[in-house]
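This report looks at one helix and at the aromatic ring pairs, taking the ring pairs as its starting point.

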Amino acid sequence: MSNLTVSLSPHVRAQSSTRRIMLDVLIALIPAVVFAVYWFGFSVLVTILLSMAAAIGSEALMQKALRRPITVDDGSAAVTGLLLALTLPAGVPWYVPILGAVFAIVIAKQVFGGLGDNFVNPALAGRAFLLASFPVAMTTFPAVADAVSSATPLSSEFAGTVDYAQAFLGRIGGSIGEVSKLALLAGAAYLLVRRVIDWRVPVSYLGILAVLNLAFGEPVLDSVLLGGTVLGAFFMATDYVTSPVPAWGKVLYGIGIGAINFAIRQWGAYPEGVTYAILLMNIASPLLERATRPRKYGEVKRRA
C-alpha cells in the first residue's frame, strides 16, 4: 500500500490555529467570569450571554450576506463578545451588550474584511461606541456591599484611599470582568505559559504607567489595581491581529499605550483611558511594525 501525504490548505491551518488560540483565551477568562458571577450575581451572565450571542450571530449573518465562508466556529466572535461584556458595568440595560457586539463585529471587523484585516480591536471599538452612545449607563456602577460605589473607583476623590488587598482580590466596584486582578492574572499566567500572548506588551505597558505615576507623584497602585488596566494589558493590548510582530515593536507599542493611558487619566476629563489608549496604538501598530522589522542580511531597498 502506498503512503499518502495529506496537506492542509493555508486557510485550514490558519483557522485551526485561530481556534486553538481563541479556546485558550476563553479558558483564561473563566476565573474572571466566575468571580464576576460571585461578586455581582447571576444577572451578569445574561449580559455576557447576550453579548456573545449577538457577536456570533452578527458575524454569521454578515459573512452570509457578503458571501464569505462562515467561520464562527473559530471562536473569535465568541471571544469578542465575552471581552466586550467584561468591560461593561453590571446592570446595564439588555440592549447595550447587543448593540455593542453588533458594532464590534459588523463595523470594526467584517466591514474591513474579517479576522486578520481589522485594524483595531473589535471589542474595544464596541466599547468606545457604547461610551459615546450611552455615557451614563457605561459610567454608572451599581453599589456592591463592602465596595467603593461611585461613577468609577478611579475618580480623584478615592485616589490613594482604597484597600489595595481588597482591590486585588476584586472586592471593589467596577466593570464586570475588571474587578478581580487575581482572577485576571491567573488567566494571564495561563496565556503566557501557553505562549498565546507575549510578555513584552503588558510589561512595557504597566511598566511605563508605573514610572509616569511615580514621576508625577500619583499613586502607582491606583493606576494598576483600579479600572481596566490589567484586563486591557493582558487580554486586549496583546491581540495578535492589532499589535506589532517584532519584539521591539511590541515594547514601543506597550510604552505608547501606557503613556497615552496616563495622559488621559492625568489631564483628560475621563478618569479611565484604557480603551482609547489601546485603540490609538492599534492605529499606530503598522508604523511600529515597519520601523522595527529586522532587515534581512543583504537586503537592498527597492527603488521607487
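## Aromatic pairs and helix α10

Phe 134 is partly exposed, with a relative accessible area of 22%, in what is a predicted model. A search of the whole structure finds nine aromatic pairs, and one of them joins Phe 134 to Tyr 95, whose ring centres lie 5.8 Å apart with the planes at 55°, so the pair is tilted, since planes over 60 degrees apart would be needed for edge-to-face. Tyr 95 belongs to helix α5 (residues 95–107), while Phe 134 sits in the loop between α6 (122–133) and α7 (135–138), so this pair ties together parts that are 39 residues apart in sequence.

The rings of Phe 216 and Trp 267 have centres 5.5 Å apart and planes at 80°, so they form an edge-to-face pair. Because Phe 216 lies in the loop between α10 and α11 and Trp 267 in helix α13, the pair ties together parts that are 51 residues apart in sequence. Ring pairs also link Phe 35, Tyr 38 and Trp 39 into a cluster.

| Residue | Relative accessible area | Class |
|---|---|---|
| Tyr 95 | 34% | partly exposed |
| Phe 134 | 22% | partly exposed |
| Phe 216 | 42% | partly exposed |
| Trp 267 | 58% | exposed |

Helix α10 (residues 200–215) has 16 residues and reaches 22 Å from its first C-alpha to its last, close to the 22 Å expected at 1.5 Å a residue. Its buried residues, including Val 201, Tyr 205, Leu 209 and Leu 212, pack against α11 (220–225), α12 (229–236), α13 (247–267) and α14 (274–292). Helix α10 is followed by Gly 217, which has a positive phi, near 70°.

Terms used:
Residues are numbered from 1 along each chain as its sequence is written. This is a predicted model: local features need pLDDT of at least 70, side-chain atom pairs count only at pLDDT 80 or more; totals for chains, interfaces and linings use all residues. Side-chain values use heavy atoms; hydrogens and water are left out. Helices (H or I, at least four residues) and strands (E, at least two) are DSSP runs, numbered from the N terminus. The expected span of a helix is 1.5 Å times one less than its number of residues. Buried means under 20% relative accessible area, exposed over 50%, partly exposed in between (1.4 Å probe, protein chains only). Contact means heavy atoms within 4.5 Å. Rings of Phe, Tyr and Trp (its six-membered ring) pair if their centres lie within 6.5 Å; planes under 30 degrees apart count as stacked, over 60 as edge-to-face and the rest as tilted.
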